[in-house]
Amino acid sequence: RVYRLRGHTLEQLTFDHSLVWEMRASGDLSEEALKSNAIPKNVITRSLGPSASVQVDLEGPFTLQVGDRFLICSDGLSGQINDEEIGILMGVLDIETAVRAMIDLANLRGGPDNITVVIAEVKSNALALLPGTRPPAAKGKVSYPVAFGVVAAVCALSSVVLLMVAQFPLAAISAAAAVVAGVSGWIKSQIDASSGDRSANLGRGPYRKYICKPSSAFVDQLLIVIRELQEWILENGTQVDQKGIDASVNAGNQANAKKDYKQAIVHYCNALIAMMRDVRNKADDKDDEAIEY
């Protein structure tokens with residue numbers, strides 16, 4: 001999937017090649033069937049490998065603004081972390097921390113598949129204003145406005161007729177009107193091409209939109225994960241930087257008590273990342289020992 005985060009709004013820009021999404025798009029899947037999980041969500045309709053050719057989706061182009069963040073990920077991430085949580089982590093954390101926290105959280109929730117995450121951020125006005133970052137009309141398909149063309153043609157024809165009957169002043173006026181209509185139509189077609197008519201865009205994205213703000217519910221979810229991981233570390237006698245981890249957790253608790261959920265998420269994610277780093281380092285020291293999450 002590819003997502004764009006703009007402010008607190010997360011949009012999924014790509015269409016899932018799954019049976020559920022295909023059936024919903026065709027109108028063959030009711031909301032009741034979707035909620036009851038009657039259709040298995042792991043059935044894919046397109047993939048690379050089985051066939052010599054593959055149908056490829058083209059989406060966009062999508063506009064860029066300074067501060068926009070784009071995320072591309074495999075279903076190892078989106079299958080374990082829901083879209084609202086992805087949007088919150090993208091919006092609250094710096095890019096490196098967000099990627100690490102997402103991978104660690106997905107692993108702690110089961111991690112049944114490989115997890116690939118890439119985040120990019122638009123940091124420059126120069127980049128946001130580059131050609132192609134605004135939806136253009138399709139190449140070769142910029143049409144001349146019909147109304148302007150009709151007016152120009154009628155005025156030109158009237159001018160010819162008036163010249164034939166020696167009505168020179170009226171002929172001049174009609175000719176001028178024809179020129180004005182023709183030039184106005186050309187100008188309008190160029191404006192339409194540069195502003196980017198949505199009908200010329202490829203695909204139908206964005207397909208989903210969420211408002212993602214730090215919340216007490218997500219903070220509570222992070223706390224549950226942290227406590228379970230702390231219990232596992234204690235039971236297995238794994239050596240971790242307890243002082244640093246406790247400092248992050250305590251800072252998170254204080255922010256949570258003040259209902260500053262953004263800072264609570266930052267501190268809890270730092271604690272989570274630190275614990276997982278120490279656990280992985282410990283596992284690397286034991287060649288034959290596997291760690292189960």
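**Close-up views of a predicted model**

**View 1. Glu85, a buried residue with a relative accessible area of 9%, pairs with Arg109.** Here buried means under 20% relative accessible area, exposed over 50% and partly exposed in between (1.4 Å probe, protein chains only). The model is predicted, so local features need pLDDT of at least 70 and side-chain atom pairs pLDDT 80 or more, whereas totals for chains, interfaces and linings use all residues. Residues are numbered from 1 along each chain as its sequence is written, and side-chain values use heavy atoms, without hydrogens or water. The partner, Arg109, is partly exposed at 27% relative accessibility. The side chains of Arg109 and Glu85 meet in a salt bridge with an N to O distance of 2.8 Å, the term being used for a side-chain nitrogen of Lys or Arg within 4 Å of a carboxyl oxygen of Asp or Glu. Because Arg109 belongs to the loop between α5 (95–108) and β4 (117–121) while Glu85 belongs to helix α4, the pair ties together parts that are 24 residues apart in sequence. Helices (H or I, at least four residues) and strands (E, at least two) are DSSP runs numbered from the N terminus.

**View 2. Arg208 and Asp83 are joined by a salt bridge of 3.6 Å, N to O.** Arg208 sits in strand β5 and Asp83 in helix α4, so this pair ties together parts that are 125 residues apart in sequence. The two partners are covered as follows: Arg208 is partly exposed, at 24% relative accessibility, whereas Asp83, at 6%, is buried. Arg109 is likewise partly exposed, at 27%. Through salt bridges that share partners, Arg1, Asp16, Asp83 and Arg208 are joined into one network.

**View 3. Arg4 and Glu11 form a salt bridge in which the closest N and O atoms are 2.6 Å apart.** Both Arg4 and Glu11 are buried. Over the whole structure, a search finds twelve salt bridges.

**View 4. The largest pocket has 38 lining residues.** A pocket is an open set of points, on a 1 Å grid over the protein atoms alone, where a 1.4 Å probe fits and protein lies on both sides within 12 Å along at least five of seven lines; lining residues have an atom within 4 Å of a point. Of the lining residues, Arg1, Asp16, His17, Asp75 and Ser78 lie nearest the centre of this pocket. At least two lining residues are supplied by each of α1 (19–26), β3 (69–73), α3 (75–78), α4 (83–92) and β5.

**View 5. The second largest pocket is lined by residues that include Phe15, Glu22, Ala25 and Arg46.** Its lining also takes in Val56, Asp57, Leu58 and Glu59, together with Gly203, Arg204 and Tyr207.

**View 6. Two cis peptide bonds are shown, one joining Gly60 and Pro61 and the other joining Gly205 and Pro206.** Omega is about 5° for the bond between Gly60 and Pro61, and Pro61 is found in the loop between α2 (31–35) and β3. For the bond between Gly205 and Pro206, omega is about 0°, and Pro206 lies in the loop between α8 and β5.

**View 7. Ala166 and Lys259 each have a positive phi.** Phi is near 65° for Ala166, which is placed in the loop between α7 (146–164) and α8 and is partly exposed, with a relative accessible area of 44%. Lys259, with a phi of about 65°, is found in the loop between α10 (242–257) and α11 (261–284) and is exposed, its relative accessible area being 62%.
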